[in-house]
Structure formats: C-alpha cells, structure tokens
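Here's a quick tour of a protein chain, starting with the overall make-up and ending with a couple of backbone oddities. Have the viewer open as you read.

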Amino acid sequence: EVSPGLLQQQWSAGSPGAKEIRFPIKIRSITVGVNREKLDLTDFKPTDTRVRLADVRVEGAGLPGPEPETSINVWEGGATGDWSDPAGWSLGRVPDETDDVLVENATLTATNGIAAGTLVLENVKLTVKAPELTDYSVFETVDKATAALREHALVVRIAGDFIVSGTSVVQPEAAELSGVPVIFRVGGDVTLDVGAAFDVNRRGWGWSPDLYENAPTPFARKRKRESAYTADYWTVAFGAGENYSTGGNYRYGTSFAPFLPGSPSGAYYSKATDPDPDLGRGPGSIVVLAGGTMTIRGKMLASPTNTSDGGTPSGGAIWLAAQRFIFGPDALLTANGGSPTNGNQFGPGQGGRIALAEGCTDEEIDEMLNGTLPESLLEGSDIAGVAVSVAGGNTPNGAKKQADGTIAMVRPKSKQAIL
C-alpha cells in the first residue's frame, strides 16, 4: 500500500526483484509492505521524486490497483527543448491541468504558456516568455497601458502543487518591448527549496530600434546612442532613464500588488554590433499567487546585475500571495536598484517593489491585481522572518544614492487584529 498524499495507488510484483516507482508529486508519507512485513517510511523528504524497492508484495497481489485521478507526464526530450513540443513528453502531448508533470535536468523555454496539475522541477532552468503586444496605441497614458498589460499578462496555471528543487532556476520573462508580464496562478502549495531560485535579471523592459514602426505614440521615448552607433532607439517603459547617463525608476503601479517589470536605464546598446546588447534592460517581475502554503527556502531575485559605464536599471518586482508563508534560513527576496561601477557621474537605478499577501481570498487578490486595495485588507510595511531588500542603487563614491523601493505586507484586517 503506497500513500503519496495526492496520489493513492497499489503496486504488486509478480516475482522478486527491484521495482522503481516515480512520483512527480510531493510525497507526504509512504508505507510499504515488504514480504508482508510493514515498513513505515514517514521521514521521506517532501521533494523526493522516486522510491526504489526490492521484492514488493501487497495484499491482493496480482490485482490491479485503482487508477490515479491524474496522468503523469514526464519530460523525455533531452537536456534542452521547447515546452510546447509534444514529442518531448512521455504522454506524447503537451501537459495540461490534468497532468502531474515532472521535469528533471533540463533547460526548457515556454513561449505559449504552461499548464499542469502539479509541477515538479528538479535541476531545471525554465524560461517562460510573455508575448509582445501588437497594439501600442495603449501607451498614450500610464493608466491605459497598465490596464492593457494586466489584461494581456501570460498566466501560468498550475492546479495543484508547484515544487522547485535542486538547482532549478525559474525565469519569468516579460515582453522586452511592451512589458507584458508573466503571472503564476497555483491552486495548491508552492515550495522553493534551498539552492533553487526565481531570477528575473534582464527579463524586464528594454530598448529597440524597431519599436518606432509599432509605437509612434506620445508615450514612446526616443533616444539616440551617444557614440558611433547612430540608430534611433525607442522604449515605452514607464520609468526608463532620461538619457544615457541616468538610471531607471520604479514608481509606477501599486505598492501592494506590483506585477509590472522593472525599467531600463538610458544606457542601451546596439542589438547588432555591441557585445552586450541587453546591458540596459531592466529586471522583470516575479508574481506567484498560490491558494495554499508557500514555503521559501531559496531565493527570489529581481535585482539587476548589469554593470555599465552609464546609467543602470531599476529594481524589478516581487508579488507573492498565499494562505500562509514559511521561510527557511537561506530565503532571500531582493529588488534592488542597479549601481554603476565605472564613473561617479552616472545614475543608479531606484529600488523596486516587494509585496506579500497572506490569508487573502481569490476575490481580494483579483481586486488588488486590478489596482484597488479591498476595504477588508490592511497594508503594512514589515515582512518578518525573511531577508528582504529594495535598496536604491548608488555610485562608487556614494554621491548619488537613489531612492529605495517599497515593501508591503497585506493581510485581512481581522488577522492583523489578532497579531
């Protein structure tokens, strides 16, 4: 009798020998009868994904056990691949919300979204890219553009639990030109283990020489490269650096529900000829909205690491929602602004935004996403139990310290009163 929590199944072995059982789900406890002797394995780590047994026998040997309620879909497409390639999956099709999904030791890119029942990543680099907008007329005003980016956000839907383990790195990548974000909606628990991370460095707004054709709106900003490269570059990023020597800022959106990506500095580079064409690109946003408990033992990084002889990007955004948060001693949340390393005359970036919502309903989360803090909720500025940083950048001599970002902790007013 094997009881892995979300999946209950019986296995029998017709003859002695080793038997491997794979679970692409979180194992809460497992009890196995070995030669009719009970072996209780209750201390399994919650991220173990396989159990190897020898000479397994159970009552009713030879009878088929009950079918699982969900299918198991395992990535078998090699070390690198496209999430949307049906040939890469054990079931011959792209996973959907009825599948328990397991990916191990691979680098995958998803450009058409992701859906899963439960999702376990072990030693995986997963990049989820949002599509660009096709109508840039929405960038006439910040409010109109924010509403469009919210409406067109790429939503990753995981019906059950989401486990990120080993050395896995999840990279939600906003659309570089229009800033369309990626939002993770998880029905169950979220676990980010030690050694794993969400990292959105250089995954936010950028510059492009091609944007003019699509966005000749009053909001689009034009910049001419201050060197031998004379191509006109454009951006619609809300807080982009005013010129080559200035940093980005993040003073748009709301403090309690930051879902928009970070802003680029003014120090863009030629896509065609420069060795580091994304140097000025801002960090993206990490948005994970869970229906259960969120356990964070790893890192969530929305700080730019790009260094420059010009301005540097702003910090990005982290918005997490869960019924309960658990933090390990190594947990870290950062959305710091960038700091130039070469020259005290260049501008650093402002700090970004970090917000947590604990114990809120789905309706309250949706209202926050739409830009309004419900009357039933209270916003504080203290996130306890985890290292959090939204520091503004600075020049090497400390003369141009930029403004820090914002930190918010949102809870129901009734819970705040108890605390």
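How many helices and strands does the chain have? Keep in mind that this is a predicted model. The chain comes with 4 helices and 27 strands.

**The chain as a whole**

There are 419 residues, and 52% of them are buried. If you look at contacts with a separation of 6 or more, 72% come from residues 24 or more positions apart. As for the surface, about 17400 Å² is exposed, with carbon and sulfur atoms supplying 48% of that.

**Two residues to click on**

Now for the backbone. Most residues other than glycine have a negative phi. Asn105 goes the other way, with a positive phi near 50°. Arg202 isn't a glycine either, yet its phi is positive, at about 60°.

Where do you find Asn105? Look in strand 7, which runs over residues 99-110. Arg202 sits in a loop instead, the one between strand 15 (197-199) and helix 2 (211-214).

Are these side by side in exposure terms? Here's the rundown.

| Residue | Phi | Relative accessible area |
|---|---|---|
| Asn105 | near 50° | 52% |
| Arg202 | about 60° | 22% |

Asn105 counts as exposed because its relative accessible area of 52% is over the 50% cut-off. Arg202, at 22%, is partly exposed, because that value falls between the 20% and 50% limits.

Note on methods. Residues numbered from 1 in each chain as written. Predicted model: local features only at pLDDT ≥ 70, side-chain atom pairs only at ≥ 80, totals over all residues. Heavy atoms only, no water. Helix = DSSP H or I, 4+ residues; strand = E, 2+ residues; numbered from the N terminus. Buried < 20%, exposed > 50% of the residue type's maximum accessible area, 1.4 Å probe, protein only. Contact = heavy atoms within 4.5 Å. Areas by Shrake-Rupley, 256 points an atom, 1.4 Å probe, with all protein chains shown as cover.
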